[in-house]
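Please open the structure in a viewer and keep the selection panel at hand. The tour below proceeds from one selection to the next.

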Amino acid sequence: MHQRDYHPYISPFDPCKPIEKKTYSTPPHLFLGFQEENSPQYKSAAEALKRGTLWPSLYDPYS
Amino acid sequence: MWYYEKKLQYPVRVRECNPTLAKYLIEQYGGADGELSAALRYLNQRYSIPDKVVGLLNDIGTEEFAHLEMIATMIYKLTKDATPEQLKEAGLGDHYVAHDHALFYHDAAGNPWTATYIQGKGDPIADIYEDIAAEEKARATYQWIINMSDDPELNDSLKFLREREIVHSQRFREAAQMLIDEKDKKRFF
């Protein structure tokens with residue numbers, strides 16, 4: 001899971017228990033540029049289907 | 001034209017009867033950033049975009065329909081045996097009085113799908129940038145639905161669909177670059 005985080009301001013008067021660290025998703029395609037020709041693929045078609053992409057360089061798990 | 005393969009792009013398994021989850025999933029069915037919007041947006045834009053990216057819009061638009069029927073299958077399975085009482089408890093009472101157990105193109109809050117969700121501006125850069133934004137919004141929507149769901153088998157299918165949004169975004173970004181780069185110009189590094 002590729003992500004960034006930040007720490008929002010917490011007021012002493014916030015009504016709910018503050019979440020100190022907020023995160024957001026930054027999947028690998030944001031950094032890839034043009035995908036290189038012949039970039040490595042998953043070894044089996046079954047694994048590629050399971051992950052939703054042929055290429056490890058584009059895979060972003062999420063949970 | 002299209003050939004139809006009588007199977008889903010990725011298997012859909014649902015572990016438990018959970019109509020509330022169907023209420024959330026319908027956001028991806030008839031919502032602004034849902035699969036219907038995506039399919040219709042791309043398949044419409046493809047007519048008035050430079051030749052070299054027509055095929056991309058055609059392929060991705062087609063795949064969005066495959067995603068649409070996965071979402072439809074999930075919603076159907078989650079609600080098909082639910083009683084009116086269960087639907088009411090799940091917040092689907094309003095849906096039931098208008099549609100019984102039928103699916104309908106509206107978002108999680110019940111707003112009917114509208115063509116104003118999509119655009120065909122005729123400007124290739126504007127259209128492709130809209131498509132990139134649409135993929136990122138759909139990716140985020142999948143994340144929020146996964147966060148609301150505790151059905152591991154359904155989440156497996158949702159994670160597949162989320163990953164497809166990432167791949168589509170990547171391809172649209174490459175398409176934008178192809179349209180920006182000067183035609184036939186050799187690139188030296």
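Is Arg171(B), at 17% relative accessibility, buried or exposed? Arg171(B) counts as buried, because its relative accessibility of 17% falls under the 20% cut-off. The model is predicted, and this should be kept in mind at each stop.

**Helix α8 of chain B.** Select residues 152–180 of chain B, which form helix α8. Here Arg171(B) forms a salt bridge with Glu174(B), with 3.1 Å between the closest N and O atoms. The two residues are 3 apart in the helix, which means a separation of about one helical turn. Glu174(B) is likewise classed as buried, at 10% relative accessibility.

**Helix α7 of chain B.** Move next to residues 124–148 of chain B, helix α7. Show the side chains of Glu136(B) and Arg139(B): their salt bridge has its closest N and O atoms 2.9 Å apart. Both residues are buried, and about one helical turn separates them. Add Arg173(B) to the selection, and a network of salt bridges linking Glu136(B), Arg139(B) and Arg173(B) comes into view.

Thr141(B) also belongs to helix α7. Thr141(B) is buried, with a relative accessible area of 13%. Beyond its neighbours within four places in sequence, Thr141(B) is in contact with Glu27(B), Gln28(B) and Asp33(B).

Ile125(B), in the same helix α7, is partly exposed at a relative accessible area of 32%. Together with Tyr129(B) and Ile180(B), Ile125(B) makes a nonpolar surface patch of about 260 Å².

**The interface between chains A and B.** Display both chains and select the contacting residues: 20 in chain A and 23 in chain B. The two chains bury about 1,700 Å² between them, of which 54% is on carbon and sulfur atoms. Highlight His29(A), Phe34(A) and Tyr62(A), which supply 41% of the area that chain A buries against chain B, more than any other three residues.

For the polar component, there are 14 residue pairs in polar contact between the chains and 2 salt bridges. One salt bridge to select joins the side chains of Lys50(A) and Asp156(B), at 2.8 Å from N to O. On the side of chain A that touches chain B, helices α1 (29–32) and α2 (45–51) each supply at least two residues.

**Helix α2 of chain A.** Finally, select Glu47(A) and Arg51(A), which lie 4 residues apart in helix α2. Their salt bridge places the closest N and O atoms 3.0 Å apart. Glu47(A) is partly exposed at 28% relative accessibility, and Arg51(A) is partly exposed at 26%.

Technical notes. Residues numbered from 1 in each chain as written. Chains lettered and ligands numbered in written order. Predicted model: local features only at pLDDT ≥ 70, side-chain atom pairs only at ≥ 80, totals over all residues. Heavy atoms only, no water. Patch = residues over 30% accessible without salt bridge, like charges linked within 9 Å, V, L, I, M, F, W, Y side chains within 5 Å. Areas by Shrake-Rupley, 256 points an atom, 1.4 Å probe, with all protein chains shown as cover. Salt bridge = Lys/Arg side-chain N within 4 Å of Asp/Glu carboxyl O. Buried < 20%, exposed > 50% of the residue type's maximum accessible area, 1.4 Å probe, protein only. Contact = heavy atoms within 4.5 Å. Buried area = accessible area lost by both parts, 1.4 Å probe. Polar contact = N/O pair within 3.5 Å; in protein donor to acceptor, adjacent residues only side chain to side chain.
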